[in-house]
Amino acid sequence: MRHFVLTCKAKNNIIHRLSRNSSRLKRITDAFRFAKEGRVLEGTLPLSALERLHDLLAVVEGEVTFRLEGSKGARGEYLLQLVVTGVIPLLCQRCLKAVPFDLDVDNLLELVPEGAELSQDELEDDTRDFLPVAKELDVAELVEDEILLALPVAPRHEKCGLPGAADAGERSNPFAALAGLKGKPN
Ligand SMILES: [Zn+2]
């Protein structure tokens, strides 16, 4: 690294990167106030920082972009709109290589004080997505939660490159065998 000289541009990029990734920006000290004031928080998170995703990844590379926007709903409820995009290199369940997944999270979350009792009607209302918050909100953790909910359970390539994988899959599929039996006369 002795010959490595920081150009002015590179230096600025590093400073920019550090400030974007500082924990100060990834925490909202009062989520309810954030919503009430209609504030917006945008940024990026490297996949390396989202540790609960790591087991699902073929490579821990890349980042996601998020946007969190606070607002107040018609009932006076506090809302957070969370949008997360990015390409996640998921682990193909068949060949164990990367299968890029286009992440497209867009959720409207309703803030409720942690420990608050929700009515039966509220709990059964599919149109509302409640997020219990003490006050402080860890944005990286929330983004990580929402990504985990959005990922496919068993990701695989549509046309998996593993040699013979498609053939082997069909041969060993018991349902395919059953279907074949069904069609045969007794
Ligand atoms: Zn595959």
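**Figure 1. Five strands line up in an open sheet, in the order S2-S3-S4-S5-S6.** This is a predicted model, and the pairing in its sheet is mixed. Look at the two ends of the row: strand S2 (40-46) and S6 are the edge strands, and each has a single partner, so one side of each is left without a neighbour in the sheet. The strands don't lie perfectly in line, either: ignoring direction, neighbours are turned by 30 degrees against each other on average.

**Figure 2. S3 and S4 run antiparallel.** Eight bridges hold this pair of strands together on the map. Want one to look for? Find Arg67, then look across to Val83 in S4, its bridge partner. As a bit of background, strands of a sheet pair through backbone hydrogen bonds, and they can do that either parallel or antiparallel.

**Figure 3. S5 and S6 run parallel.** Here the strands are joined by four bridges. Glu110 sits opposite Phe130 in S6. Now check the two faces of S6: Leu131 and Val133 are on the covered face, while Phe130 and Pro132 are on the uncovered one. That fits a general habit: in a regular strand, side chains alternate between the two faces of the sheet.

**Figure 4. Helix H4 packs on the sheet.** Which strands does H4 touch? The list is S2, S3, S4 and S5. Compare the direction of H4 with that of S5, and you get an angle of about 120 degrees.

**Figure 5. The largest nonpolar core has 23 residues.** Those with the most contacts inside this core are Ala31, Phe66, Leu80, Leu82, Leu111 and Val143. Helices H2 (31-36) and H4 (139-150) each give two or more residues to the core, and so do strands S3 (63-72), S4 (78-91), S5 (98-113) and S6 (130-133). In soluble globular proteins, nonpolar side chains tend to be buried together.

**Figure 6. Zooming in on Leu82, we can see who it touches.** Skip the neighbours within four places in sequence, and Leu82 is in contact with Phe66, Leu68, Val105, Asn107, Leu109, Leu142 and Glu146.

**Figure 7. Stepping back, the protein chain has six helices and seven strands.** Follow the chain along its sequence and the pattern reads α-β-α-β-β-β-β-α-β-β-α-α-α. Of the 186 residues, 16% are buried. Take the contacts between residues at least 6 apart in sequence: 60% of them join residues at least 24 apart.

Terms used. Residues are numbered from 1 along each chain as its sequence is written. This is a predicted model: local features need pLDDT of at least 70, side-chain atom pairs count only at pLDDT 80 or more; totals for chains, interfaces and linings use all residues. A nonpolar core is a set of buried Ala, Val, Leu, Ile, Met, Phe, Trp, Tyr and Cys residues joined through C-beta atoms within 7 Å. A residue is buried if 20 or more other C-beta atoms lie within 10 Å of its own, exposed if 12 or fewer, and partly exposed in between; C-beta atoms are placed from the backbone. Two residues are in contact if their C-beta atoms, placed from the backbone, lie within 7 Å. Two strands pair if DSSP finds at least two bridges between them. Axes are lines fitted to C-alpha atoms, for helices over the stretch in contact, and angles run from 0 to 180 degrees between N-to-C directions.
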